[in-house]
Amino acid sequence: MVQEQFALEDKDFRKLSKLVMDTAGIVLNERKRAFIHGRLGRRLRALGLSNFSQYCRLLETSGGDDELRNFINAVTTNHTNFFREAHHFDYLARVILPSLAVDNADTERVRIWSAGCSTGEEPYSIAMTLAAGPRILLDWNVKILATDLDTNVIAHAAQGVYEMDRTTSIPDTHRKRFTRMRDGNVVMNDELCDLITFAHLNLLGPWPMSGPFDVIFCRNVVIYFDKPTQIRLFDRYANLLKPDGWLIIGHSENLLGVTDRFDLVGRTIYRRVK
Ligand SMILES: C[S@@+](CC[C@H](N)C(=O)[O-])C[C@H]1O[C@@H](n2cnc3c(N)ncnc32)[C@H](O)[C@@H]1O
């Protein structure tokens, strides 16, 4: 068993936790120890190392930059699903898109950001909702930016190919209209892919885009961050949103004590007010 093969000493766990915190903002407390052990045991085996101290040393050396990427990819939690928290897509279709179709008529421009998009199910769900939304938007300059820190999930997302059993939550009408089958897998149609730009981005680092965004989805990402990191992040989101733009967060997240720049307007749906 991995646990028996590679002992994870306290000092190494502390070093790895600090590195994840400093690099990605992700908090790894004692409860995550077994998770880290299991995930990184695979890296140790792949690298032919015999203990976590050697792995820490590798990460500390200048040649460890490549491994830092693998390390971060190994410790992110990427669980996601098409139309996860379906009420958000219902709100996007019923309230946000019709309102943008009126409010943005002067610029004919719409920008949506899926921040922490994992393997892409979230941005493709946004794209399907958009493509099935107000007809006028399809003639406008409409773009979805989809970003994640984990280079593996972003590469998967950009391919737009999913195993059948991962697509059961796509409504039938959307599946027929926006996807096709290839070699037993479900493939996203070009109509969706053309709407989305995928990019690797660390939410803690600099952001190259200037916005403004109409809507930001950042769902089930900050749950892994500590309060000071959340405070900084939501302030940056507010700065990058239009003055009355929407922010959509995950079911177990909230902005209480984090920022007063948003008003709650729906279930985990906020609007910028400051
Ligand atoms: C649980 S998934 C959420 C996916 C999707 N938003 C959803 O709700 O279904 C969290 C994602 O956040 C990403 N993430 C974690 N820390 C990040 C950071 N500092 N910058 C960018 N993405 C990060 C992870 O790689 C992971 O793919």
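Student: In this predicted model, how many nonpolar, polar and charged residues make up the shell around the ligand?
Tutor: The model is predicted rather than determined by experiment, and the shell is described here by residue class. Sorted in that way, the shell around the ligand holds five charged residues and nine polar ones, and its nonpolar residues number seven.

Student: Which residues come nearest to the ligand?
Tutor: The ligand has 21 residues around it, and a few of these are singled out as coming nearest. One of them, Asn220, also places a polar side-chain atom 2.8 Å from an oxygen atom of the ligand. The residues that come nearest are Thr80, Arg84, Gly116, Asp148 and Asn220.

Student: Which residues have a polar backbone atom 2.9 Å from a nitrogen atom of the ligand?
Tutor: A polar contact is a pair of N or O atoms within 3.5 Å, so a separation of 2.9 Å falls inside that cut-off. A polar backbone atom at 2.9 Å from a ligand nitrogen is found in Ala24, and another polar backbone atom at 2.9 Å from a ligand nitrogen is found in Leu203. The residues asked for are therefore Ala24 and Leu203.

Student: Where does the ligand sit, and what percentage of the area it exposes when taken alone does the protein bury?
Tutor: The ligand is placed in the largest pocket. In addition to the backbone atoms just named, Asn220 has a polar side-chain atom 2.8 Å from a ligand oxygen. Taken alone, the ligand exposes 610 Å², and the part of this that the protein buries is 99%.

Student: Why is helix H7 described as largely enclosed by the rest of the structure?
Tutor: Helix H7 spans residues 121–131, and its buried residues include Glu121, Tyr124, Met128 and Ala131. A residue counts as buried when its relative accessible area is under 20%. Helix H7 is largely enclosed because the number of its residues that are buried is 11 of the 11.

Student: Is Ser118, in the loop between strand S1 and H7, buried or exposed?
Tutor: Ser118 lies in the loop that runs between strand S1 (109–115) and H7, and Ser118 has a positive phi of about 55° although it is not a glycine. Its relative accessibility is 5%, and since buried means under 20%, Ser118 counts as buried.

Student: What is the relative accessible area of Phe83, whose phi is positive?
Tutor: Phe83 is placed in the loop between H5 and H6, where its phi is near 50°, a positive value in a residue other than glycine. Phe83 is classed as buried because its relative accessible area is 12%.

Student: How far apart in space are Asn81 and Ile170, C-alpha to C-alpha?
Tutor: Asn81 belongs to the loop between helix H5 (65–75) and helix H6 (86–103), and with a relative accessible area of 31% Asn81 is partly exposed. Along the sequence, Asn81 and Ile170 are 89 residues apart, while in space their C-alpha to C-alpha separation is 9.1 Å.

Student: What distance separates the C-alpha atoms of Asp10 and Asn81?
Tutor: Asp10 is found in helix H2, and at 46% relative accessibility Asp10 counts as partly exposed. Asp10 and Asn81 are 71 residues apart along the chain, and their C-alpha atoms are separated by 35 Å.

Student: Is Phe13 of helix H2 buried or exposed?
Tutor: Helix H2 comprises residues 10–24, and Phe13 lies within it. The relative accessibility of Phe13 is 5%, so Phe13 counts as buried.

Student: Which peptide bond is cis, with omega near -5°?
Tutor: The bond in question leads to Pro212, and Pro212 is placed in the loop between strand S6 (196–200) and strand S7 (213–218). The cis peptide bond, with omega near -5°, is the one from Gly211 to Pro212.

Student: How far is Leu256 from Ser53 in space, C-alpha to C-alpha?
Tutor: Leu256 lies in the loop between strand S8 (241–249) and strand S9 (262–266), and at 69% relative accessibility Leu256 counts as exposed. Leu256 and Ser53 are 203 residues apart in sequence, and their C-alpha to C-alpha distance in space is 40 Å.

Conventions. Residues numbered from 1 in each chain as written. Predicted model: local features only at pLDDT ≥ 70, side-chain atom pairs only at ≥ 80, totals over all residues. Heavy atoms only, no water. Buried < 20%, exposed > 50% of the residue type's maximum accessible area, 1.4 Å probe, protein only. Helix = DSSP H or I, 4+ residues; strand = E, 2+ residues; numbered from the N terminus. Near = heavy atom within 4 Å. Polar contact = N/O pair within 3.5 Å; in protein donor to acceptor, adjacent residues only side chain to side chain. Areas by Shrake-Rupley, 256 points an atom, 1.4 Å probe, with all protein chains shown as cover. 1 Å grid on protein atoms, 1.4 Å probe; cavity = no way out; pocket = protein on both sides within 12 Å on 5 of 7 lines; lining within 4 Å. Sits in = over half its atoms within 2 Å of the grid points. Nonpolar A, V, L, I, M, F, W, Y, C, P; charged D, E, K, R; others polar.
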